[in-house]
Amino acid sequence: MTKQPQVLVAGAGPVGLTMAAELARYGIAVRIIDKATAPSDKSKALVVWSRTLELLDRAGCAEQFLAAGMPAAGANFFHGEKRLARVTFEGIESPFPYGLLIPQSETERLLIDHLAGLGVTVERGIELSAIRPDATGVSVGLHHPSGHAETRRVDWLIGCDGAHSVVRKALGLDFTGAALQTDWILADLHLDGLPVPENELAIFFHAEGVLATFPFGRNGRHRIIADLGRARSTLLRPDPTMAEIQAVIDKRSIPGIKARDPIWLSSFRINERKVADYRKGRVFLAGDAAHIHSPAGGQGMNTGMQDAVNLAWKLALVCRGEARAEALLDSYSAERSAVGEQVLRNAGRLTRIALLRNPLARHLRNVVMSLAMRLKPTRLRLAERLTELDIAYPDSPLNGQRCVPGGLPMPGDRFPVAGRATPSDTTSSDAAQPRISPPRFTVAGNIDSGEMEKLATRFAALLHPVVQPLPHSLASAGAAVWLLRPDGYIAIAGCDAETIGTYLERFLP
């Protein structure tokens with residue numbers, strides 16, 4: 001593994017672990033610290049969506065997630081005992097056509113194991129006590145559990161340290177937004193009597209609010225979330241009792257649903273906040289350190305993990321001396337800030353729709369939902385949004401030429417994923433470093449083999465030498481050729497060898 005430059009990742013939740021693992025598999029020396037002395041044992045975020053699973057598959061660790069989680073077949077929406085709609089993930093184009101229900105504690109365990117396989121261990125109980133960035137690196141102060149103070153010089157610092165980010169505060173970045181003045185309760189427990197299959201969600205609309213149930217284990221283990229109306233105090237309400245939980249279930253759902261064997265009971269409020277820029281010089285923010293929003297749709301953790309994937313390949317190319325810094329690194333904030341805005345907006349909209357209090361507005365919501373979800377295109381659009389397969393970078397500064405007709409994938413789009421990654425996709429041929437795989441652009445489509453050989457020789461540090469075949473959905477694309485970024489998004493659509501060469505030339509150091 002390349003020993004310099006070095007990257008320090010602050011925060012060992014799912015985002016920080018993904019960041020460190022991606023950098024490590026690209027051959028970058030990375031250090032990851034967390035002030036907590038042990039991983040969280042709480043379930044917290046419960047779903048890993050299709051796009052995140054695709055990216056984990058590229059990294060070589062999706063199989064472990066599939067073995068530990070439970071695929072969700074769909075979500076059911078009720079008003080009283082009447083089912084308004086059922087949304088499934090049927091028809092989405094992904095090797096993972098579902099949301100994988102898995103506790104965050106398990107997600108962290110699997111990522112820690114994956115990271116250890118790459119030779120990196122989380123350093124726990126270490127707090128950032130000082131951050132001093134300059135033009136050539138970042139000086140950091142580290143406080144160890146023993147009381148030992150360490151001063152370290154790193155090339156890059158990435159703050160993945162959550163909503164109360166020390167890194168963000170040290171940079172003086174505004175976390176713009178507000179807390180919604182609504183009280184919510186959360187409970188991990190066991191439920192009996194739900195009117196849906198054990199691998200499907202149930203969301204109940206009621207005049208007093210919403211009740212949502214999420215299965216994530218065996219023997220009826222579920223997460224439930226419900227709002228309790230407008231907050232009556234600036235203080236967070238006490239954690240709910242089982243009697244309060246059962247009362248909400250009885251009032252808002254159907255008769256016969258019983259809660260038992262609680263694991264975790266909590267109260268919370270929703271914050272909607274975001275920084276304007278995810279980068280300040282040699283310091284970056286990702287995940288909750290950069291954006292927090294409503295849990296509606298389960299987008300938060302997935303968005304943060306995809307922040308990590310987006311930044312890692314760009315920073316790795318720069319650290320390896322294989323690409324110019326500014327164009328690549330500036331694109332991180334441009335791309336992911338736009339995604340953060342979209343996710344914050346969509347999650348907030350879903351929350352407000354669920355919390356409608358006006359009787360006429362609630363009636364219209366129920367009627368529109370019932371009618372709209374009978375239409376397959378509407379169900380598919382919602383499924384693609386939830387699974388984050390519709391995430392794209394249409395305005396990315398990295399987008400190149402478009403020379404394909406409408407209806408075909410464009411620059412900034414996710415390129416269709418035809419199937420599961422193979423070992424050759426996720427590892428190098430170097431026996432001494434079997435899991436190291438430097439980030440490379442890829443050509444997909446019908447390109448002359450001689451031209452491809454010339455490109456692979458000219459851009460050996462940037463371009464994968466093997467052409468990727470087109471997926472079945474693009475079988476009718478003819479002679480079209482796409483240049484794909486290391487994260488699977490499209491750089492150029494409908495290009496030729498000369499166009500590819502001109503595009504890659506801009507990144508050469």
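What follows is a chat between a reader and an author about reading a few features of this predicted model.

Reader: Let's start with salt bridges. What's the general idea, and how many salt bridges does the structure hold?

Author: Side chains of opposite charge can pair when their charged atoms come close. Here the structure holds 33 salt bridges.

Reader: Which residue does Arg-485 meet in a salt bridge?

Author: Glu-335, with 2.6 Å from N to O. That pair links distant parts of the chain: Arg-485 sits in the loop between strand 24 (481-484) and strand 25, while Glu-335 belongs to helix 8, 150 residues apart. Both Arg-485 and Glu-335 are buried.

Reader: And Glu-326, what does that one form a salt bridge with?

Author: With Arg-279, where the closest N and O atoms are 3.3 Å apart. Once again distant parts of the chain are linked: Glu-326 is in helix 8 (residues 325-354) and Arg-279 in strand 20 (residues 279-280), 47 residues apart.

Reader: Are those two partners buried or exposed?

Author: One of each sort, roughly. Glu-326 is partly exposed because its relative accessible area is 45%, and Arg-279 counts as buried because its relative accessibility is 11%. The cut-off for buried is under 20%.

Reader: Which residues are joined into one network by salt bridges that share partners?

Author: Arg-31, Glu-123, Glu-150 and Arg-152. Within it, Arg-152 bridges to Glu-150, with the closest N and O atoms 3.0 Å apart. Arg-152 is partly exposed at a relative accessible area of 36%, whereas Glu-150 is buried at 11%.

Reader: What about charges of one sign on the surface? Which residues gather in a patch of negative charge?

Author: Look for Asp-448, Glu-451, Asp-496 and Glu-498. Take Asp-496 as a landmark: you'll find it in the loop between strand 25 (490-493) and helix 13 (497-505). Its relative accessible area is 41%, so Asp-496 is partly exposed.

Reader: On to strands. How should I picture a strand, and then where does strand 5 fit?

Author: In a regular strand the side chains alternate between the two faces of the sheet. Strand 5 covers residues 74-79, and five of its six residues are buried, so the rest of the structure largely encloses it.

Reader: Which strands does strand 5 pair with?

Author: Strand 6 (residues 82-88) pairs with strand 5 in the antiparallel sense over six bridges, and strand 15 (residues 200-206) pairs with it in the parallel sense, also over six bridges. To line things up on screen, match Ala-75 with its bridge partner Val-87 in strand 6, then find Phe-77 opposite Ile-203 in strand 15.

Reader: How many residues lie between strand 5 and strand 6 in the hairpin?

Author: Two, and Gly-80 in that turn has a positive phi of about 65°.

Reader: Where else can I look for a positive phi, in a residue other than glycine?

Author: Try Asp-261, with phi near 45°, and Glu-388, with phi of about 65°. Asp-261 lies in strand 18 (residues 258-268), and Glu-388 is in the loop between helix 10 (376-386) and helix 11 (423-426).

Reader: Are those two buried or exposed?

Author: Asp-261 is partly exposed, because its relative accessible area is 45%. Glu-388 has a relative accessible area of 2%, so it is buried.

Reader: Now sheet order. What is the order of the open sheet of three strands?

Author: The order is 3-7-4, with antiparallel pairing. Strand 3 (47-48) and strand 4 (70-72) stand at the edges; each has a single partner strand, so one side of each is left without a neighbour in the sheet. Strand 3 and strand 7 (residues 99-101) pair over two bridges, and Val-48 stands opposite Leu-100 in strand 7.

Reader: Last one: how far apart in space are Gly-304 and Ala-286?

Author: From C-alpha to C-alpha they are 6.0 Å apart, with their positions 18 residues apart in sequence counted as separation. Gly-304 is in helix 7 (residues 300-319), and at 0% relative accessibility Gly-304 counts as buried.

Note on methods
Residues are numbered from 1 along each chain as its sequence is written. This is a predicted model: local features need pLDDT of at least 70, side-chain atom pairs count only at pLDDT 80 or more; totals for chains, interfaces and linings use all residues. Side-chain values use heavy atoms; hydrogens and water are left out. Patches are made of residues with over 30% relative accessible area and no salt bridge: like charges are joined within 9 Å, nonpolar side chains (Val, Leu, Ile, Met, Phe, Trp, Tyr) within 5 Å. Accessible areas come from the Shrake-Rupley method with a 1.4 Å probe; for residues, only the protein chains shown count as cover. A salt bridge is a side-chain nitrogen of Lys or Arg within 4 Å of a carboxyl oxygen of Asp or Glu. Lys and Arg count as positive and Asp and Glu as negative; His and the chain ends are not counted. The place of a charge is taken as NZ of Lys, CZ of Arg, CG of Asp or CD of Glu. Helices (H or I, at least four residues) and strands (E, at least two) are DSSP runs, numbered from the N terminus. Buried means under 20% relative accessible area, exposed over 50%, partly exposed in between (1.4 Å probe, protein chains only). Two strands pair if DSSP finds at least two bridges between them.
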